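Colleague: Could you take a close look at one part of this model for me, the place where two of its helices pack against each other, and set it in the context of the whole chain?

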Amino acid sequence: RETWKRGSVIVLPYMSSVALDLERQLPGAKDDKPRYYFRGNMHRWHGDRSYLPKLAEHLTNADFKEVAFTAAGNASNFEPVLRESAEEMRKAKVCPSPEGDSPTSLRLFEALVTGCVPVVIGQANHTTYTLPFPSLIDYDSIAFFARTFTEIVQTPTGLKDFAAVLEGYAAPEAPMRFQERLSEMRQEGMRIFEKHFSYMRNPNGVATSLLFEAWVLLQQNRLIKGPHEDPSPDM
């Protein structure tokens, strides 16, 4: 994290599964259930995921389920869970993406490719430095960002208030401008994934994005001249 902050590392996106990237399908109808979707280890220490079931209590049509993992770190029923997740994520509107082994996780990219708007939950100062290709992508246009669950629950109504914000975009009774905003984020997320993150369908796009980010980074560190040169780089 500190290495990236000093400007010496370029972060690459996670590689999504074949069921999501290569076997691309159009998203399902967004008025289908579930409205919110999560599959994974909800008792993992990273990301305070134990709060996910409590958050689900305040959401309508939230489908959050635990996936059992073996000691080796592989899902015991990986392939069927993966394909079921791909199908259900295409139907969902919003997909929580709490921290994993790193501040961002594979779930962020799998949400984008399926047209499910990710909610990145974590420490802002950590998340900022682990999003790939920040010079090319406006992440506020494709994802929501929230504080850590530990911070959210500092107030008695924290989880309820957080859920109300999500419902304000995803619920059928949400204001039309917010529903339209969510739809725009879904479309933009799929476009961004195809252009910058798809190793299987557009590897040239990943490579081009990497090279562009390297070009920007060299300028910011005053190793070459260019329009992205930082007059006072954070070294």
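**A helix pair in its setting**

Modeller: This is a predicted model, and, read along the sequence, its protein chain follows the pattern α-β-α-β-α-β-α-β-α-β-α-α-α-α, which comes to nine helices and five strands. Of the 235 residues in the protein chain, 46% are buried, and among the contacts with a separation of 6 or more, 71% are between residues 24 or more positions apart.

Two packed helices are described by the angle between their axes and the distance between the axes. For the pair you ask about, helix α4 (residues 106–114) packs with helix α8 (residues 176–197) at an angle of about 115 degrees, and their axes lie 7 Å apart. The crossing in which α4 passes α8 is left-handed. On the α4 side, F109, L112, V113 and T114 make the contact, while α8 contributes G189, M190, F193 and F197.

Turning from this helix pair to the surface, the protein chain exposes about 12100 Å², of which carbon and sulfur atoms supply 54%. One nonpolar patch on that surface is formed by W215, L218, L223 and I224, which together have about 360 Å² of accessible area. Within this patch, L223 lies in the segment after α9 (203–220), and L223 counts as exposed because its relative accessible area is 62%, where exposed means over 50%.

Technical notes. Residues numbered from 1 in each chain as written. Predicted model: local features only at pLDDT ≥ 70, side-chain atom pairs only at ≥ 80, totals over all residues. Heavy atoms only, no water. Patch = residues over 30% accessible without salt bridge, like charges linked within 9 Å, V, L, I, M, F, W, Y side chains within 5 Å. Areas by Shrake-Rupley, 256 points an atom, 1.4 Å probe, with all protein chains shown as cover. Salt bridge = Lys/Arg side-chain N within 4 Å of Asp/Glu carboxyl O. Helix = DSSP H or I, 4+ residues; strand = E, 2+ residues; numbered from the N terminus. Buried < 20%, exposed > 50% of the residue type's maximum accessible area, 1.4 Å probe, protein only. Contact = heavy atoms within 4.5 Å. Axes fitted to C-alpha atoms, helices over the stretch in contact; angles between N-to-C directions. Left-handed = near helix turned anticlockwise from the far one by under 90°.
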